[in-house]
Amino acid sequence: MKSLLLRRVLPIVGGITALLLLPRVSSFLGPEVPSVPTLVPTTAAAPGPSTPQTTRPPLPEGFPSMLFPPPKIDVEPGQPQPIHTRYGLTYEIPADWKNDHGASAGWSGEEGHAVYGSVGSFGYGSCPEKDGGWLAMSGAAGSRDIDLETVATERIRDVEWIFDDSAGTRPTVEYAAPVWFEIADRPAIRLSALINDIPQVSGCEPDAARFDIVATPGYATAQTMVLMVQVNEGSYDADVAEDIIATLRPT
């Protein structure tokens, strides 16, 4: 499995820390999104996009953009924690997760890299054999591609190299069928993957993990926003991905 990189993106904080990991919204700001159906594994091949695009158009003239996410939202202890993103959408993490809204995190390997900002995490320091390590993580990313299924498919396929080892041994991946729904009357697509037979490299890797991707039109910075939730098997309530996705809404 690839190393997880955590990078603070706030102007007053610097540095890059390499972490081994397996990582994992409802308020007055917008309407709640209906719950997403539970994952039902299908075949070991990811769904192909229906209308793939070969070009990534520039942002429309006058489309708003933000270099950094909005300020952190402080809430009372024990309450769900909203995280504003640079893309004009907000999601919530559970009260016992860490709100690291000003950081970016992801994986880097020979086959690519996958980086997310507006990060939430659970179980930091869970692996004493490595510097840190999380049990679950969430984050947001953007794309200028307006084909939601194409964007989601590209992101979900990252699991095939994120969870391999240095010899190229790949895990077993089961992809669920795409689930279409709406967020504030705009389309959204969810793709899910169950990852099993994860190569054990350091003793910190779980036996299995779950990876969820949601793609929906952005309101700022990118025409498509991606929400990612990754959870180690058995590390948290099995429905936490549904709970987090259900809170995604316009800021």
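Mentor: Two strands pair if DSSP finds at least two bridges between them, and that is the test to apply in this predicted model, which has three helices and 13 strands.

Trainee: What makes strand 10 and strand 11 a pair?

Mentor: DSSP must find at least two bridges, and strand 10 (residues 186-196) and strand 11 are joined in the antiparallel sense over seven bridges, so the criterion of at least two is met. Within strand 11, Phe-211 is the bridge partner of Ala-193.

Trainee: How do you know that strand 11 also pairs with strand 12?

Mentor: Strand 11 and strand 12 (residues 224-232) share nine bridges in the antiparallel sense, and because at least two are required, they count as paired. Ile-213 has Met-228 in strand 12 as its bridge partner, and in the hairpin of these strands, with six residues between them, Thr-221 takes a positive phi near 75°.

Trainee: Why is strand 11 described as largely enclosed?

Mentor: Nine of the nine residues of strand 11 (residues 209-217) are buried, so the rest of the structure largely encloses this strand. Both of its faces are covered, with Phe-211 and Ile-213 among the buried residues on one side, and Val-214 and Thr-216 among those on the other.

Trainee: Why is Arg-210 called buried?

Mentor: The cut-off is under 20% relative accessible area; Arg-210 has a relative accessibility of 13%, and therefore counts as buried. Asp-212, at 1% relative accessibility, counts as buried by that rule.

Trainee: What makes the contact between Arg-210 and Asp-212 a salt bridge?

Mentor: A side-chain nitrogen of Lys or Arg has to lie within 4 Å of a carboxyl oxygen of Asp or Glu. The side chains of Arg-210 and Asp-212 meet at 2.9 Å, N to O, and this pair therefore satisfies the rule. Through salt bridges that share partners, Arg-190, Arg-210, Asp-212 and Glu-242 are joined into one network.

Trainee: How do you know that Arg-190 and Glu-242 meet in a salt bridge?

Mentor: Their N to O distance is 3.5 Å, and because the limit is within 4 Å, the contact qualifies. Arg-190 has a relative accessible area of 2% and is therefore buried, while Glu-242, at 6% relative accessibility, also counts as buried.

Trainee: What makes Glu-92 and Arg-249 another example?

Mentor: Their side chains meet in a salt bridge at 3.3 Å, N to O. This pair links distant parts of the chain, since Glu-92 lies in strand 4 (residues 89-93) and Arg-249 in strand 13 (residues 249-250), 157 residues apart. Both Glu-92 and Arg-249 are buried.

Conventions
Residues numbered from 1 in each chain as written. Predicted model: local features only at pLDDT ≥ 70, side-chain atom pairs only at ≥ 80, totals over all residues. Heavy atoms only, no water. Helix = DSSP H or I, 4+ residues; strand = E, 2+ residues; numbered from the N terminus. Buried < 20%, exposed > 50% of the residue type's maximum accessible area, 1.4 Å probe, protein only.
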